[in-house]
Every structure is written in C-alpha cells, then in structure tokens.
Amino acid sequence: MNLTQKVFEAGIVGCGGAGFPTHIKYNAKVEHLIINAAECEPLLRTDRYIMCNKAREIISACEAIREHLGASDCTIALKKGYKEEIASLEVAILALASKVKIHKMESFYPAGDEQVIVCEVTGKVVPAGGIPLDVGCVVSNVATVCAVYDALNGKSFTNKYLTMTGEVGEPVVLNVPLGTSFKDCLTLAGGANIEDYFVICGGPMMGKPMTKEEALNSVVTKTTSGYIILPSGGRLPSLHQTTVEHTINRAKSACIQCNFCTQLCPRNMLGHPIEPHKIMRKIARGSIEEMIGDPVVINALLCCECGVCELYACPMQLQPRKVNSLVKKELAKNGIRYQKTGEEYTVNINREYRKIPSKRAANRAGTGKYYDYTIKNCKEFTPDKVEIPVKQHIGVPAEPVVKAGDTVRCGQLIAKCPEGKMGANIHASIDGTVKSVGEVIIIER
Ligand code: SF4
Ligand code: SF4
C-alpha cells in the first residue's frame with residue numbers, strides 16, 4: 001500500500017478545518033508541502049502541545065508525505081513566539097537529518113488561513129476561487145501529519161487531541177477516543193466554573209457555537225480541536241444568537257459604509273475581489289434573492305468566514321461574515337459557483353500593516369481574559385462508552401459494517417467509505433460491544 005492508500009484505510013481527514021479527506025488532498029504531485037502549525041485561533045493549545053511532544057513523529061511523517069507528493073520543499077509554518085515548539089522541532093530535524101524547514105511568522109490572525117499561509121511561505125497568491133494546488137502547494141495541518149505518522153505505522157485514526165479552556169477549573173489538553181462525550185471532557189478539565197455557560201467548539205473566531213444543552217449532547221469527532229466555555233451573556237454568544245432577519249435588518253439600517261471590513265479582510269488583502277462593504281451596500285438595497293446574479297454579491301463565495309470583519313473590523317457591530325454566509329447558501333441553492341478568471345493577483349501593499357495581532361483578536365471577541373495560559377500536561381482518558389458519528393468529514397457518510405451485539409477492538413473498521421465516493425472510513429475508538437448502529441455507532445466497554 002502506498003501512503004495515500006494507508007491514509008485512506010486509516011480514515012484520516014483534516015484535523016484543523018472542515019474534515020476534508022486527506023487521501024484526496026495527497027493524491028497529487030506538487031513542489032511544496034506546507035505544514036500549518038500556526039494554530040491561529042487564539043486560545044487553542046492543541047497543535048502547540050503536539051509540536052512540543054511529538055516532534056520526531058511530525059518530522060518523520062513530513063519526510064514521508066513530501067516524498068510521496070514529489071515535493072522539493074517541506075516547510076512547517078508557525079509563529080515566531082512558539083519558542084519551545086521551534087526548539088523541539090529543530091532537535092527532531094537534526095536527529096533525523098531532515099531537510100524540513102521552519103518558517104516563523106508574526107503572531108497575527110488568521111496566520112493559519114490556508115491561502116494566507118501559502119502567501120506567507122512562498123510569496124505566491126492562490127487564485128480567487130482556487131486552492132493551494134493551483135500554485136503547486138499542499139497545506140496540511142500539523143495534527144493531521146501526526147495522524148499520518150500513526151497510519152504509516154498501522155494505526156487507524158481513533159483518538160483526538162483537543163484543548164479545554166475558558167471558564168473551566170483547569171485549562172487542559174486532552175487525548176481521548178473519538179466519540180467521547182463533551183461531558184467527560186468537561187469533567188477532565190475540572191468542570192465549568194459557572195452554571196450558565198455557552199460553548200464554542202473550536203476557536204473563538206471560527207468555532208461552532210453551541211448552547212449548553214447542545215454541547216452536553218455532543219461528542220468529540222475527527223475535527224474537534226477544542227471546546228471553549230464562555231459566560232452566556234458575552235459578545236460571542238450574543239452575535240451567534242442574532243437571528244437571520246435581525247442580521248439583515250441591522251445591515252440595512254446601520255452600515256455606515258466605512259469600508260473597514262474590506263480594508264482588513266485577509267482575502268481582500270491577498271488581492272481577491274471580495275469587498276464585504278459592497279455586499280452590505282447591495283443587501284441594504286434589496287433582498288438577497290434579488291441580488292443573486294450580481295457580480296459583487298457573487299464575490300461572497302471568496303469569503304473564508306474568518307470573522308475578522310464582524311469580530312474585529314466593524315465599528316457598528318454588524319455581521320458581514322454572517323451576511324456572506326447567508327449569501328453563499330443562496331448562491332449554492334441557485335447552482336452558482338465562483339468562476340476562476342485566470343488573472344494574476346497582487347497582494348495589497350498595506351497587507352503587512354493590517355495584520356491583526358492575535359491577542360487583540362481575542363480581546364475583541366471578548367475572550368482576552370483566557371488568552372494567556374500554559375499547558376504542561378496532557379490528560380489521557382478512555383470512557384466506558386463512545387458514540388461515533390458515521391459522518392465526521394466532508395463527503396458522504398461512511399456505511400456501517402458492524403451490527404448491534406458485535407464485539408470490536410479499538411482500531412477495527414466499523415463504517416466504510418462507499419466505493420468511489422468522497423468520504424472517510426470510521427474505526428472503533430475503544431474495545432467493546434456495539435450497542436446500536438445508525439447515524440451514530442454506540443460502543444460500550
Ligand atoms: S469573514 Fe469577513 S474578513 Fe473574513 S474573509 Fe469573509 S469577508 Fe473577509
Ligand atoms: S465595517 Fe461595518 S459599518 Fe463599515 S462598511 Fe463594513 S459592515 Fe458597514
């Protein structure tokens with residue numbers, strides 16, 4: 001089996017984002033492999049923990065992936081302030097006589113955006129509507145690379161590192177089986193400090209918001225990078241709870257066309273034609289449905305939903321990101337996709353001066369008080385029961401290959417990616433007995 005097949009069998013999907021199946025991403029030949037180790041979401045510490053403690057595995061897997069992709073270069077891109085992590089990686093590079101390079105970036109948000117990181121490392125701009133492959137690059141998250149190391153050593157993707165922070169007894173990095181409940185994770189972090197809380201699954205800027213009840217019914221999946229517990233009356237909860245109608249009405253009535261959202265948009269800074277202030281102006285004149293064929297509105301498809309415009313830039317507390325997200329759904333419903341033009345893009349000359357310091361981003365998101373902390377240890381835990389969704393990735397759900405009553409071992413295939421479809425295999429994350437099979441496979445020890 002070659003690397004792509006091993007990655008497919010192990011069920012690896014991108015750990016840092018939406019869960020794109022990694023075997024598809026690696027089915028390419030490129031010049032440059034870039035490892036995204038920026039961990040640009042303020043507050044998360046998962047990738048930093050992995051770099052400090054799994055450096056040899058990371059470098060070894062980097063070399064294997066680089067060779068598989070035929071890439072002449074492999075660069076790990078991280079923030080220059082990650083001193084311990086850099087030292088740890090450098091020791092591993094030396095020990096393995098590796099040619100992997102380290103690229104040190106400023107601490108800004110969103111340093112880990114795929115297209116931003118390509119520009120930082122190579123100076124190239126991914127074309128609007130394109131992907132890093134268009135400029136000869138593959139970008140892979142550092143946690144994904146760790147999972148590849150395991151796959152090359154015959155281990156399936158069964159466990160996840162994640163950060164628990166915010167209003168918890170003790171902020172901590174966990175290593176738990178997929179399907180572990182949020183409730184168990186919260187207990188491992190010393191419980192919640194407050195009764196009435198709200199949860200962000202992921203980072204404060206791009207994470208998925210959850211009510212307390214939703215969180216208490218959720219489980220760790222392949223894309224869970226952390227949980228942040230926040231007081232329910234704060235800025236993030238109120239933004240997330242704003243209804244669609246209210247968002248649109250506020251956009252119509254309160255946008256002063258100051259243009260700050262566009263000036264600070266990281267994708268606009270790369271030279272892409274997305275201009276959120278113009279989309280807000282259009283929406284102010286009519287309904288989204290009426291504007292659907294307008295080229296300015298179609299440019300909403302270039303929005304990566306980083307949240308800079310609404311959490312940082314807008315002085316009126318408006319939500320251009322949410323408007324873009326609504327527009328994108330409407331465009332998708334109408335079958336409208338962004339058409340690449342083939343033109344060359346030039347980075348805005350002011351880009352360097354408009355980078356947003358990570359700590360300031362955390363402050364504006366109302367999470368600054370949780371920004372500074374250090375993780376020393378990782379807690380490992382195996383629950384008595386796991387609930388494993390058959391869809392934890394982009395693509396079609398995996399098809400169960402076990403039935404209730406079966407005995408399974410950790411790492412055993414329990415749901416298979418359908419032949420010829422985009423998706424990923426799913427494996428048992430603990431030893432035990434299958435209790436039920438459906439959209440979720442429940443296993444008890
Ligand atoms: S969320 Fe806002 S700032 Fe980020 S890419 Fe979209 S329009 Fe630009
Ligand atoms: S920053 Fe806010 S007020 Fe200014 S143009 Fe953008 S949406 Fe309108």
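Modeller: Ala, Val, Leu, Ile, Met, Phe, Trp, Tyr, Cys and Pro count as nonpolar, Asp, Glu, Lys and Arg as charged, and the others, Gly among them, as polar. With that in hand, the shell around ligand 1 divides into nine nonpolar, two polar and two charged residues. This is a predicted model, in which local features need pLDDT of at least 70, side-chain atom pairs count only at pLDDT 80 or more, and totals for chains, interfaces and linings use all residues. Residues are numbered from 1 along each chain as its sequence is written, chains are lettered from A and ligands numbered from 1 in the order in which they are written, and side-chain values use heavy atoms, with hydrogens and water left out.

Biologist: What makes a residue part of the shell around ligand 1?

Modeller: One of its heavy atoms must lie within 4 Å of the ligand. 13 residues surround ligand 1, and the closest are Cys265, Cys303, Cys306, Cys309 and Asn324. By the residue classes, those four cysteines are nonpolar and Asn324 is polar.

Biologist: Which helices each supply at least two residues of that shell around ligand 1?

Modeller: Helix 16 (308-313) and helix 17 (320-333) do. Helices here are DSSP runs (H or I, at least four residues), as strands are (E, at least two), numbered from the N terminus.

Biologist: How do you know that the shell around ligand 2 has no charged residues?

Modeller: Just read the names: Cys255, Ile256, Gln257, Cys258, Asn259, Cys261, His277, Met280, Cys314, Pro315, Met316 and Pro320. Asp, Glu, Lys and Arg are absent from that list, so the charged class stays empty. Three residues of the shell are polar and nine are nonpolar.

Biologist: Why do strand 16 and strand 17 count as a pair?

Modeller: Pairing asks for at least two DSSP bridges between strands. Strand 16 (residues 413-416) has two bridges to strand 17, so the pair qualifies. In strand 17, Ile426 is the bridge partner of Ala415. The wider sheet is open and antiparallel, with its three strands in the order 14-16-17.

Biologist: What makes strand 14 and strand 17 edge strands?

Modeller: Strand 14 (399-400) and strand 17 (426-427) each pair on one side only.

Biologist: And what is the order of the open sheet of four strands?

Modeller: The order is 3-2-1-5, and the pairing is parallel. Strand 3 (101-105) and strand 5 (137-141) form the edges, each pairing on one side only. From one strand to the next, the twist averages 25°. Inside this sheet, five bridges join strand 1 (residues 32-36) to strand 2 (residues 73-79), with Leu33 opposite Cys74.

Biologist: How do you know which helix packs on that sheet?

Modeller: Contact means heavy atoms within 4.5 Å, and helix 7 (residues 142-152) touches strand 1 and strand 5. Its direction makes about 85° with that of strand 5. Such angles run from 0 to 180 degrees between N-to-C directions, with axes fitted to C-alpha atoms, for helices over the stretch in contact.

Biologist: What makes the peptide bond between Tyr109 and Pro110 cis?

Modeller: Omega is about 0° there. Pro110 sits in the loop between strand 4 (108-109) and helix 6 (114-122). Most peptide bonds are trans, and most residues other than glycine have a negative phi.

Biologist: Where is Glu39, then?

Modeller: Glu39 lies in the loop between strand 1 and helix 3 (46-53). Its phi is near 40°, a positive value in a residue other than glycine.
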